[in-house]
Amino acid sequence: MAPWPEVEKPETNNYIGDSSKQNQNTAGKEGENHKGNVSSLGNKGEIQPAFSTIALIDETRPEELEDPWALPELQDTGIKWSELDRKGKIIRVLYGIGKFIMLLGLLYNFVCSLDVLSSAFQLVGGKAAGDIFKDDSVLSNPVAGLVIGVLVTVMVQSSSTSSSIVVSMVSSTLLSVQSAIPIIMGANIGTSVTNTIVALMQAGDRNEFRRAFAGATIHDFFNWLAVFALLPVEVITGYLYRLTSVIVDSFQLESGDDAPQLLKVITDPFTKLIIELDKSVINAIATNDESAKNKSLVQTWCVTNTSVTLQNVTIPPSENCTAPEFCWSEGNITWTLKNITEIDYISKCQHLFVNSDLPDLGIGLILLALSLLVLCSCLIMIVKLLNSVLKGQVASIIKKTINTDFPFPFTWLAGYLAMLAGAGVTFAVQSSSVFTSAITPLVGIGVISIERSYPLTLGANIGTTTTAILAALASPGSTLKYSLQIALCHFFFNVSGIILFYPLPITRLPIRMSKTLGNVTAKYRWFSIFYLLVCFFLLPLFVFGLSLAGWGVLLGVCLPIFAVFMAVIIINILQKRKPHSLPDNLQNWDFLPLWMRSLEPWDNILMSWLAFCGKHCCGFCKCCKVNTEQEGAKDNQVKTTEVYENTMAMADEERGGRRAPTVACVDKTGTNNTAL
């Protein structure tokens, strides 16, 4: 007999009276008793209820067949507009205006928190980032330059800051343009960590987290794949350096006006009340200026006046004169004429830490905690507000506008228009991190599909490089050529990556890779933290440490690991598509230990460790203990009911058990064992 599906609340059955009625509802252990029960039921015109597990199968089947990547339908559960009276319509319009204003305010605070977060990272690791650039022998190694670009950009949370450091070093002849190109590639990877962190804020809902994390990491995968494909080509051929050299040499370059700062005009008045940094300190450290090590990154004087005057100064020996005609001696003292730069400090800055005695690290940690708190709070409220606004007809219009393709044969055009839109918005906000972080929650709640977020992200990569080109054109004459060449290298690197990984659907590997990672992180959410730490911290630090030991050690360690990694990928593809072409042992991974082919053992270890900490380290021990005891009692009850298959309890629960909750509670405590 099949086990009874609903075993949580078995009802008690007290039949007194006619024994034939009791026999009709008991399970016969022999064939004769079973036939007798059937005949007696037939005489009374009753049909014995059938119990099956088909209902359970049907209930689980839609979940298994449901596509987790399908965009959800955001149903409007409110009253329709046509059913509202005049007062209700006015109230709804006012509510909509209020939500729109609130959304703009949250977006403003969200962008400002990203700016403060970047400043906090620079305070915490800015000087260390400058020290990393000082080792010329390491920077000549392209692999080391790549991981240095990743680490520095992650530490300062700004690709423009790391690019400005590189430009300063190139213009100071401390670094060649060829050595700077791998660093720019690494900066392109490091800037994608921001939206990956933002995606972690949607871990509360499994499907939202699946889509949001995939939408964020699609940027990571594109950047990593582009680097793996183009860095060897650049090292062998130098095509980026040669192409940009021809372009730069063909123009008559003159220093121009400052680049347009569209978003900074809005956010700077608020963020400058919190913190202002002197970013020239990081550049000075990177260019081996020893005096900059003792300077603080926190800017104290915002309005200064610099004047240069010709003065008489003394010098130790006469041979150090600027020119013989400008030197004269008076006794044992030698005088000369020199241009002396004097700085007049006019007014102090107005930010919170202008008179603080805290070190840079302390201020950075305070701002890091506050900016992350504001960032998370704004993101959670933005998601909730969008969920309340984007419903019904509004959601369908937005989703159709963003995700719909053009009719054949112009289907391909929609992706390129999305790419153009992403580039335009990124150019307007002056930051790819702001744009990609803003669309991440939209991908999570299902307004933008993963397939459409991919060209939007690629457009953001192009948009941030055009901003860098404009900023380079506004550079002073001494750094104009190098800054423009490096900005053009960044631009053509992203264009080359798009040519490789977008035009043909089969080449859009980042979409499939991000969906695979999204499925894994939706099941094991701790894996998202592991991915973040490995890809942006541990792996670059590991490669950087090997590069310090020299080329031989780097190649001897990394090449075997890379070969094993590629072999695993190829075998996985063959296992799915052509398993018979592989040997029997390689048609699956069952020959490996479970911990090497599945995350389940690691998940069990992590969950048991968290449970142990929750019981012994948290203040909720009693609650945890009560929940554990209740779960144990429920498990024991389920096992007991499965052993004693009592059809009287089953039939009574089916017919009227739901109308007698009191009896179920009594039986749950074990005080009435009539059914058994």
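Q: How many residues does the largest nonpolar core have?
A: Keep in mind that we're looking at a predicted model. Among the residues with the most contacts inside the largest nonpolar core are Phe-110, Leu-123 and Tyr-454. In total, this core has 79 residues.

Q: Where does this core lie relative to domain 1 and domain 2?
A: Domain 1 covers 90–270 + 359–549, and domain 2 covers 276–348. Both of them give residues to the core, so its place is between domain 1 and domain 2.

Q: Which residues is Leu-367 in contact with, leaving aside its neighbours within four places in sequence?
A: Leu-367 is one of the residues with the most contacts inside the largest core. With those sequence neighbours set aside, its partners are Val-116, Ala-120, Leu-123, Ile-274, Ile-275 and Phe-353.

Q: How many residues are in the second, separate core?
A: Its members include Ala-199, Trp-224, Ala-487 and Tyr-531. The count for this second core is 37 residues.

Q: Is helix α6 largely enclosed by the rest of the structure or largely open, and how many of its residues are buried?
A: Helix α6 runs over residues 142–156. Buried here means under 20% relative accessible area. The helix is largely enclosed by the rest of the structure, because the buried ones among its 15 residues number 13.

Q: What span should helix α6 have, at 1.5 Å a residue?
A: Take the 15 residues of α6 at 1.5 Å each, counting one less than the number of residues. The end C-alpha atoms are 21 Å apart, which agrees with the expected span of 21 Å.

Q: Which residue follows α6?
A: Look for a positive phi, near 55°, just after the helix. The residue there is Gln-157.

Methods. Residues numbered from 1 in each chain as written. Predicted model: local features only at pLDDT ≥ 70, side-chain atom pairs only at ≥ 80, totals over all residues. Heavy atoms only, no water. Core = buried A, V, L, I, M, F, W, Y, C linked by side-chain atoms within 4.5 Å. Buried < 20%, exposed > 50% of the residue type's maximum accessible area, 1.4 Å probe, protein only. Domains from an automatic or database assignment. Contact = heavy atoms within 4.5 Å. Helix = DSSP H or I, 4+ residues; strand = E, 2+ residues; numbered from the N terminus.
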